[in-house]
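I opened my notebook to go through one structure, charges first and then the helices. My notes are below, in the order I looked things up.

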Amino acid sequence: MAQSPDQSIEDYLDEIDVLVAEAERDAEKILQAIDMKELLKDPEGYLFALADAFLSRHVGAIERANKAGAKHATHMMAIA
């Protein structure tokens with residue numbers, strides 16, 4: 001039995017909420033771990049390194065979010 005559009009949207013948003021919460025938890029950890037001396041020595045390099053570490057850690061979540069969005073879009077197109 002096919003899902004209703006409303007249920008499909010709710011499922012999609014629930015999945016995205018889980019991914020956002022995961023990223024937010026890790027972002028807080030990164031903010032708490034900032035070394036101000038290193039940041040002041042090379043702000044650009046230090047922030048790029050932090051961003052790279054964050055993205056590397058979350059590449060799986062980003063891919064899951066992309067897949068969830070594509071699945072949701074395909075489902076919505078099928079029922080439209």
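These entries cover salt bridges, a charged patch, one helix in particular and a few distances.

**Entry 1: the ground rules.** I am working from a predicted model, and I kept that in mind throughout.

**Entry 2: counting salt bridges.** How many salt bridges does the structure hold? I found four. As a reminder to myself, side chains of opposite charge can pair when their charged atoms come close.

**Entry 3: glutamate 22 and arginine 64.** I looked up this pair and found a salt bridge, with 3.3 Å between the closest N and O atoms. Glutamate 22 belongs to helix H1 (residues 5-32) and arginine 64 to helix H3 (residues 43-79), so this contact ties together parts that are 42 residues apart in sequence. I then checked how covered the two partners are. Glutamate 22 counts as partly exposed, because its relative accessibility is 24%. Arginine 64 also comes out as partly exposed, at 40% relative accessibility.

**Entry 4: arginine 57 and aspartate 26.** My next pair was arginine 57 with aspartate 26, whose side chains meet in a salt bridge at 2.6 Å, N to O. Here too I noted a link between distant parts of the chain, since arginine 57 sits in helix H3 and aspartate 26 in helix H1, 31 residues apart. Is aspartate 26 buried or exposed? I have it down as buried, because its relative accessibility is 7% and the cut-off for buried is under 20%. Its partner arginine 57 counts as exposed, at 56% relative accessibility.

**Entry 5: glutamate 38 and lysine 41.** I moved on to helix H2 (residues 36-41), where glutamate 38 and lysine 41 are three residues apart, so about one helical turn separates them. Their side chains meet in a salt bridge of 3.0 Å, N to O. I recorded glutamate 38 as partly exposed, with a relative accessible area of 33%. Lysine 41 reads as exposed, at 63% relative accessibility. While still on this topic, I asked which residues are joined into one network by salt bridges that share partners. I wrote down Asp26, Lys29 and Arg57.

**Entry 6: a negative patch.** I then turned to the surface and found a patch of negative charge. Gathered there are Asp6, Glu10, Asp11, Asp14, Glu15 and Asp17. I picked out aspartate 6 for a closer look and placed it in helix H1. Aspartate 6 counts as exposed, because its relative accessible area is 57% and the cut-off for exposed is over 50%.

**Entry 7: helix H3.** Where does H3 bend? I located the bend at histidine 58, and its angle is about 55°. I also listed the buried residues of H3, which are Tyr46, Leu50, His58, Ala61, Ala68 and His72. So His58 goes into my notes twice, as the site of the bend and as one of the buried residues.

**Entry 8: distances.** I finished with some C-alpha distances. Leucine 13 and glycine 69 are 56 residues apart in sequence, and I read 9.5 Å between their C-alpha atoms. Leucine 13 lies in helix H1 and is partly exposed, with a relative accessible area of 42%.

Next I took histidine 75, which lies in helix H3. Its C-alpha atom is separated by 50 Å from that of lysine 37, 38 residues away along the chain. I noted histidine 75 as partly exposed, at 21% relative accessibility.

My last look was at methionine 76, also placed in helix H3. The C-alpha atoms of methionine 76 and alanine 33 are separated by 42 Å, and these residues are 43 residues apart along the chain. At 23% relative accessibility, methionine 76 counts as partly exposed.

Methods
Residues numbered from 1 in each chain as written. Predicted model: local features only at pLDDT ≥ 70, side-chain atom pairs only at ≥ 80, totals over all residues. Heavy atoms only, no water. Helix = DSSP H or I, 4+ residues; strand = E, 2+ residues; numbered from the N terminus. Buried < 20%, exposed > 50% of the residue type's maximum accessible area, 1.4 Å probe, protein only. Patch = residues over 30% accessible without salt bridge, like charges linked within 9 Å, V, L, I, M, F, W, Y side chains within 5 Å. Areas by Shrake-Rupley, 256 points an atom, 1.4 Å probe, with all protein chains shown as cover. Lys, Arg positive; Asp, Glu negative; His and termini not counted. Charge placed at Lys NZ, Arg CZ, Asp CG, Glu CD. Bend = angle between axes of the 7 residues up to and from the residue.
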